[in-house]
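Please work through the following exercises with the sequence and the coordinates at hand. Each task is followed by a stepwise solution.

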Amino acid sequence: MKARSISYNFKQGFQNIFYNKMFSFASVATMVASIFLFGIFYSILVNFEATIKNAESGVAVTVFFDEGISQERINEIGTEISRRPEVSEFNYISPEDAWENFKTQYFEGREELAEGFADDNPLANDASYEIYMNDISMQQTLVAFLESTEGIREVNQSEVAANTLSDLNRLVSAVSLAIVGVLIVIAIFLISNTVAVGINVHKDDIAIMKMIGAKDNFVRAPFIVEGVVIGFVGSAIPLGILYYLYGAIIRYVASKFSFLSNLITFQPVNDVFRILVPVALILGLGIGYLGSRITIHKHLRV
């Protein structure tokens, strides 16, 4: 396409937007609302997933070894565990460490009661590994491996916690995808209607252009420009609003409800928007392009 044709198509596309002000405004408003809600759900999802990941990081699988097992075999088991893809880290708890932890927890304020065990560690056979996972949903796979490993007599797992966290992850993802899908369909519908109005207004012009040999791409281009511009404006506006609101809400919650910081892992605004900005812009441009493309395809045969 020549430079003159490109300039003409952009000019016509912008003229269509201003000529159909009411429908263009409705489409931009719908796009703004859709991307705004998408941004809200994305921000909630990111923070919720971070909170779940933080909770998952505290869920460990603990393994205890057979009585009389050698330290060499314990080290070999540790090497096997470290090679598992589910494992993020693991800690070795020696019998001495286990006893110290037990004393600290159960004899606090009554340390003299523990002095009777000074030369006789009651947890002498309770060396263990505490294993933390990358993905809590893989806990059963890891537990099955550990239970089949020679030298391990007991595996303790937090099955209820793992299942609850996994179910929450799936539920939030499914609900978010459903809501985003509905918003996208509504936005495409509004943009399609806007472009359809422009096509009806220029229907005679399109017929003449087709009669004198204009190619479909040339006829289609101004309406594609119209849809893409609406999509871009409709996604850029809510991103600016969300950037300000997100930072303001986090600061407000941190100052007024500090206890929530222990419950929710708030992600920094730049970390959230590093992904949200390109995704929202691509989504807006894609919706605008798709909505105009579908509409012009249905009206191009004149």
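The exercises below concern a predicted model.

**Exercise 1. Describe the overall fold and the extent of burial.**

Solution. Step 1: assign the secondary structure, which comes to nine helices and four strands. Step 2: read the elements in sequence order, which gives the pattern α-α-β-α-β-α-β-α-β-α-α-α-α. Step 3: consider burial; of the 302 residues of the protein, 39% count as buried. Step 4: turn to the contacts with a separation of 6 or more, of which 85% are between residues 24 or more positions apart.

**Exercise 2. Determine the surroundings of strand β1 (residues 60-65).**

Solution. Step 1: examine the coverage of β1, where six of six residues are buried. Step 2: separate the two faces. In a regular strand, side chains alternate between the two faces of the sheet. In β1, Ala60, Thr62 and Phe64 point one way, while Val61, Val63 and Phe65 point the other way. Step 3: identify the neighbouring strands. Strand β3 (residues 128-133) runs antiparallel to β1 and is joined to it by five bridges; Tyr132 is the bridge partner of Ala60. Strand β4 (residues 152-156) is also antiparallel to β1, with four bridges, and Ile152 of β4 stands opposite Phe65.

**Exercise 3. Compare the settings of two aromatic pairs, Phe65 with Tyr129 and Tyr243 with Phe273.**

Solution. Step 1: count the aromatic pairs in the structure, of which there are six. Step 2: take Phe65 and Tyr129, an edge-to-face pair with 5.4 Å centre to centre and 85° between the planes. Phe65 lies in strand β1 and Tyr129 in strand β3, 64 residues apart, and both are buried. Step 3: take Tyr243 and Phe273, also edge-to-face, with 5.1 Å centre to centre and 75° between the planes. Tyr243 belongs to helix α8 and Phe273 to helix α9 (residues 269-299), so this pair ties together parts 30 residues apart in sequence. Step 4: assess burial in the second pair. Tyr243 is partly exposed, at 41% relative accessibility, whereas Phe273 is buried, at 6% relative accessible area. Step 5: extend the view from pairs to a cluster; ring pairs link Phe65, Phe90, Tyr92 and Tyr129.

**Exercise 4. Locate the nonpolar patch on the surface and its main contributor.**

Solution. Step 1: list members of the patch, which include Phe232, Ile237, Tyr244 and Leu285. Together the patch residues have about 690 Å² of accessible area. Step 2: find the element that gives the most, helix α8 (residues 216-256), with seven residues. Step 3: check one member. Ile237 is found in helix α8 and is partly exposed, with a relative accessible area of 39%.

Technical notes: Residues are numbered from 1 along each chain as its sequence is written. This is a predicted model: local features need pLDDT of at least 70, side-chain atom pairs count only at pLDDT 80 or more; totals for chains, interfaces and linings use all residues. Side-chain values use heavy atoms; hydrogens and water are left out. Helices (H or I, at least four residues) and strands (E, at least two) are DSSP runs, numbered from the N terminus. Buried means under 20% relative accessible area, exposed over 50%, partly exposed in between (1.4 Å probe, protein chains only). Contact means heavy atoms within 4.5 Å. Two strands pair if DSSP finds at least two bridges between them. Patches are made of residues with over 30% relative accessible area and no salt bridge: like charges are joined within 9 Å, nonpolar side chains (Val, Leu, Ile, Met, Phe, Trp, Tyr) within 5 Å. Accessible areas come from the Shrake-Rupley method with a 1.4 Å probe; for residues, only the protein chains shown count as cover. A salt bridge is a side-chain nitrogen of Lys or Arg within 4 Å of a carboxyl oxygen of Asp or Glu. Rings of Phe, Tyr and Trp (its six-membered ring) pair if their centres lie within 6.5 Å; planes under 30 degrees apart count as stacked, over 60 as edge-to-face and the rest as tilted.
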